[in-house]
Amino acid sequence: MTAPGLEALELGRRPDGRTLLTAAWVLGHGAGGHRLIPKGEVVIEGGEVLFAGSRFPGEVARRIDFGDALVSPGFIDLDALSDLDTTILGIDHHPGWAKGRVWPRSYVEAGPYEMYSAEELAFQKRFAFGQLLLNGITTAAPIASLFYREWGETVAEFEAAADAAGELGLRVYLSPAYRSGGMVLDAPGRMVPVFDEARGLAGLSDAVDFIGRQSGRHGDLVRGLLAPDRVETCTIDLLRRTDAAARDLGCKIRLHMAQGAMEVETVRALHGTTAPARLAGAGLLSDRLIAPHATSATAEDLGLYAENGVSIVHCPLVSARGGNTLNSFSACRQRGITIAMGTDTAPADMLMNLLVGLIACRINDRAPDRVRCADLFDAATLGGARALGREDLGRLAPGARADIAVFGLDDPVMAPSIDPITTLVAGGSGKVTRAVFVDGRLSMRDGEVAGIDMKAARRRAQLQFDGLVAKYPERSWGHPPVSDIFPPSYPIEGDANG
């Protein structure tokens, strides 16, 4: 049921005049942190929050009552999937090197190519952005795999992504990802890095030019973020030039680091140390750096992050699927490290990620009292804002941008509640998201996203995904059929091989 007053708003537009949102709970901000306001009110005008509290004293043009719900700052996702997720293909199938996610030498020698068309890549961004909005995410830094690319990401697809963000109404930090190297499978289980410095520098140049042209577009929904791909695929010269460019542009850098065995082993074999230690020695750790995932970070690495102001992007769901965890969320907080959140997989369900993050931390700590539901919620709002250097995001307070998610608390699948944050983190999912405002604009209402038919888009996405999977034999060692690369969970009835 649509909230009274909400049906009168035009999807995809800001309401004219002051609009008051009310619900059983509002998550306001004051005295240095979030605070719960029973029967609270939020007043927005244009793209800004004017009031968050009880009993707004002024006049308003309209009032929208969400009833038994939480009006919250929208989530900030700094590792937001923007292609079709393929990590789930290998979740039950091992070894990883045999599943098409590292280029075999035969594929490299035949010439890597773009496995999606330009039109398909543009569509994927729109579809992914719609999924983010459906889950209450209002700010995103898109991430995609380069395993399926000729080399790096293209300017054209990110121009399309910027336009999609403007049309759908999503705040984004982005530019094309680039790299100076990649991993090649020389033999079963034997992966070696190959480098092409010129390609990496050309990608950086394209990204810098993109940010110069695109940052501030669509009413400042679009801003730049330099995105070198993975630390083991970047030379130190490329990272030095990236850091210098970020200083000149006044933007952040996102670099995947301390995230897995392949990286750790490659960097140690090439340089005799860990990636964070190597970057620290080169003077490249700073508060400009946002680093997913830190699941392979040593105590020394985490100490360097804390000392130099590096932010972590914690993606607990995708990490736990692969048997990894951040060790630990509470320990990183105690060190003073800023922790933001990312989803990095499908579904882009931030609430599910917060629950997995809570569980993983308590298992690692072997104590339930070192982390609370509110700590994870802080990371998904205030932590992301802090990592981006944006005090006007991640909170509902006068002067903040009107980036708002409304979560229903009365869904039949939800447990009875006396505290909305605990209820949502411990038992919620993104499916209870009722409405999303970004910069004051109504971007999502009752499962409908501005500018895209998500049901039709889901069907189109499946067709693209099927097409990609059909190409896996080309890029898997020995070129086995798809049925051998990804066998079904159970034998398929009527299949002669089953």
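# A guided tour, starting at helix H4

Begin by selecting helix H4 and showing its surroundings: the buried residues of H4 are covered by, among others, H3, strand E11 (171-174), helix H5 (217-220), strand E14 (222-226) and helix H6 (236-249). Keep in mind as you look around that this is a predicted model.

**Stop 1: along helix H4**

Now hide the neighbours and keep residues 197-214, which make up H4. This helix has 18 residues and reaches 26 Å from its first C-alpha to its last, close to the 26 Å expected at 1.5 Å a residue.

Which residues of H4 are buried? Colour Gly200, Gly203, Leu204, Ala207, Phe210, Ile211 and Gln214 to see them. Look down the axis: these residues cover an arc of only 125 degrees, so they sit on the same side of H4. A general point helps here: an α-helix has 3.6 residues a turn, so residues three or four places apart point the same way. Next, pick Ala198 and Gly212, which are exposed on the other side of H4. Just after H4, stop at Gly216, which takes a positive phi of about 100 degrees.

**Stop 2: salt bridges**

How many salt bridges does the model have? The count comes to 28. Let's visit a few.

Select Asp79 and Arg254, whose side chains meet in a salt bridge with an N to O distance of 3.7 Å. This pair links distant parts of the chain: Asp79 lies in strand E8 (residues 75-81) and Arg254 in strand E15 (residues 252-254), 175 residues apart. Try a surface view as well: Asp79 is buried, with a relative accessible area of 0%, and Arg254 counts as buried at 4%.

Move on to Lys125 and Glu157, which form a salt bridge with their closest N and O atoms 3.2 Å apart. Here, too, distant parts of the chain are linked: Lys125 is in helix H2 (residues 118-134) and Glu157 is in helix H3 (residues 155-168), 32 residues apart. Are these two residues buried or exposed? Both Lys125 and Glu157 are buried.

Then select Arg390 and Asp392, where a salt bridge joins the side chains at 2.8 Å, N to O. Arg390 is buried, with a relative accessible area of 7%, whereas Asp392 is partly exposed at 22%. For a group view, select Arg14, Glu48, Arg171, Arg401, Asp403 and Asp439, which are joined into one network by salt bridges that share partners.

**Stop 3: the cysteines**

How many disulfides are there? The count is 0. Select Cys315 and Cys332 to look into this: the sulfur of Cys315 has its closest cysteine sulfur in Cys332, 13 Å away, so the two are too far apart for a bond. Cys315 is buried, with a relative accessible area of 1%. Cys373 is in no disulfide either, and its nearest cysteine sulfur, that of Cys361, is 11 Å away. Cys373 is also buried, at 10% relative accessible area.

**Last stop: zoom out**

Show the whole protein chain as a cartoon, and you will find 16 helices and 22 strands. Its C-alpha trace spans about 70 × 60 × 50 Å along the principal axes. With 498 residues, a compact globule would have a radius of gyration near 23 Å, and the chain's value of 22 Å agrees with that. Of the 498 residues, 56% count as buried. Finally, consider contacts with a separation of 6 or more: residues 24 or more positions apart account for 76% of them.

Terms used
Residues numbered from 1 in each chain as written. Predicted model: local features only at pLDDT ≥ 70, side-chain atom pairs only at ≥ 80, totals over all residues. Heavy atoms only, no water. Salt bridge = Lys/Arg side-chain N within 4 Å of Asp/Glu carboxyl O. Helix = DSSP H or I, 4+ residues; strand = E, 2+ residues; numbered from the N terminus. Buried < 20%, exposed > 50% of the residue type's maximum accessible area, 1.4 Å probe, protein only. Expected span 1.5 Å × (residues − 1). Arc of directions from axis to C-beta. Contact = heavy atoms within 4.5 Å. Disulfide = S-S within 2.5 Å. Rg over C-alpha atoms; globule rule 2.2 N^0.38 Å.
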